[in-house]
Amino acid sequence: MSDQIILEGRDITKMYGGVKALNEVTFRLPCNEVVALLGDNGAGKSTLIKILCGAIRPNSGQIFVEGQEVAFTHTRQAKELGIETVYQDLALVDSLSIEKNIYLGKEIVKKYWFLEVLQNRKMKIGAMKFLQELGINIRDPERIVEELSGGQRHAVAISKGAFWTDKILILDEPTAALGVKETNRILNMIIQLKKKGLSIILITHNLEHAFFVADRFFVLRAGEKVGERLKQDTNTEEIVKMITGAIFVEAASQRTQA
Amino acid sequence: MGDVAAFEERRKNIFVRFFRAREIGALLPLLILIIIMGFVNKRFFLFDNIINMLRAISYLFIAGVGMTYVLCSRGLDLSLGSQMGLSCIFIGVLLVYLRLPIWLTVILTLVAGALAGAVNGILVTIFKFPPFIATLATFYGYRGIVEGITKGTPITPLPEAFQVIGLGRLFGIPYVIIFMAILGAAATFVLRKTKYGRYILATGGNEESTRLAGIKTKAIIFSSYVLIGVLAFISGLFFTARFSSAQPTIGIGYELRVIAACIIGGVSLFGGAGSIAGTFVGSAFMVVLDNAMTMAHISAYWKQAILGVIIIIAVIIDLARKRELFKRE
């Protein structure tokens, strides 16, 4: 594990109207680490990753990819720099097959004069190879995504993201709404991706999952960075305290009194 | 590593796989119908009858190719029949009133088709009308233009040289049938083997996911309406060229026949799935059934009722394909 920072958001502030969704948050993703991004609903997790993957622009702050400052105006630019995002709703096209989803928008074509012809066989083989590398046992990449189980769909969505980058993968609640067995498979898959050399940001509500795969925890609360801990330096209790926080409890009790 | 996120494979049995093929829903009944017709009526397999049926299929199919693309991208075009009528009257005006040469008329007809489709495309993509509403408006709008220009009477006489397009044959086969074959091959290729076809299906499957993959889905949707406009005008062109006059009634109710042909051929009304071969089978089914019912002396009124039942069956098959009917736990 190197201490090199592959992705950094420095002093990021994002306002929605008069509300500060993020207040000068500095987030660092070390190379080849899994960082769990934790926080309650509305803590600013989604806003932060949207900024890091170029979907929205911060009001102030800087973003660095491998030490170079960048200014994203579109997710395409982030993707070109090797930042892939797997959204919570998976962003799959259910009516298409697995391999067509993986290659969507980046199809392999062969040019005949002015005609670009899809190389379906090549894409099928490419998708199959990659899925096998991740230990996803699949004989038929032509299966329609609609026919897959929830866990399989998550696996396909993560594969789709991982297929197109060897650097940074952002996973937004990859284990949401999954059963125990399927969750374990996804978590194993994340470990597998880390072994392949990816640096991963993992958003989750489930601390058990976070402790299983993450090297580092980054906690947000109400748009502020609460703290950052290495796994060996902390425990579930401390992280829970960081997420809920005394301040939050006080604010809530004040509201009930009023 | 082992079985991380293992995908258990279930081998579907041959019956399920057979019925999962999109075209099959109508192909089997079509073949049965053809065989029965062959036995019952000796004239059914005569060359002329086959050519006549293929000709009738081609008008449906040419427009149906456009409808397939629109439905696959989760759109709908109710103005198809009105566009065919508009094509007919447009040709009549150019040839009879303005006395333009035939080659120029054909080119302008294609351009007009693209524009008529573009209006739908703009309403759907820029003004964000639901396709049903947008094309319902142009359904009335275009038909209104047709009736306004003609006041209900045909434009006549069309030059005889123009009728060559509709009546001419190459090796005994009408041009329109040859055009249908070329169009069918080209449209299948585009839908299966090009990025454009892939993006049509992807957009219909899930527009937002497709957009996130960096594809300009609005442009894809817009283009599908332009395409159906051009094809509707071509269908209208071939139809008009069979007669000596431009009839304002051409295309009335045609949109529903074309949609029915697509649905029977397994094109999903819910977007994302369909095939050109299926649309051909659906179009053929419509025409052969019509032919069969005529030969069986079934009245036109009852024909519609039978067609209704068939559409219900076709949609049930479509739903069954999507849902649990063929799935096992």
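In this predicted model, helix H1 of chain A, which spans residues 45-52, is mostly covered, with eight of its eight residues counted as buried. The run opens with A:Lys45, A:Ser46 and A:Thr47, continues through A:Leu48 and A:Ile49, and closes with A:Lys50, A:Ile51 and A:Leu52. Lysines are thus found among the buried positions of H1(A), alongside leucines and isoleucines. Just after this helix, the backbone at A:Gly54 adopts a positive phi of about 85°.

Turning to the partner chain, chain B is built with 14 helices and two strands. Of its 329 residues, 44% fall in the buried class. Long-range pairs feature strongly in chain B: among contacts with a separation of 6 or more, 80% join residues that are 24 or more positions apart.

The two chains also meet each other, and here chain A supplies 30 residues to the contact while chain B supplies 24 residues. On the side of chain B that touches chain A, two helices, H9 (195-205) and H10 (207-212), are the elements that give two or more residues. H9(B) provides the largest share of that side, namely five residues. Sorted by class, the side of chain B that touches chain A holds eleven nonpolar residues, together with eight polar and five charged ones.

Conventions:
Residues are numbered from 1 along each chain as its sequence is written. Chains are lettered from A and ligands numbered from 1 in the order in which they are written. This is a predicted model: local features need pLDDT of at least 70, side-chain atom pairs count only at pLDDT 80 or more; totals for chains, interfaces and linings use all residues. Two residues are in contact if their C-beta atoms, placed from the backbone, lie within 7 Å. Helices (H or I, at least four residues) and strands (E, at least two) are DSSP runs, numbered from the N terminus. Ala, Val, Leu, Ile, Met, Phe, Trp, Tyr, Cys and Pro count as nonpolar, Asp, Glu, Lys and Arg as charged, and the others, Gly among them, as polar. A residue is buried if 20 or more other C-beta atoms lie within 10 Å of its own, exposed if 12 or fewer, and partly exposed in between; C-beta atoms are placed from the backbone.
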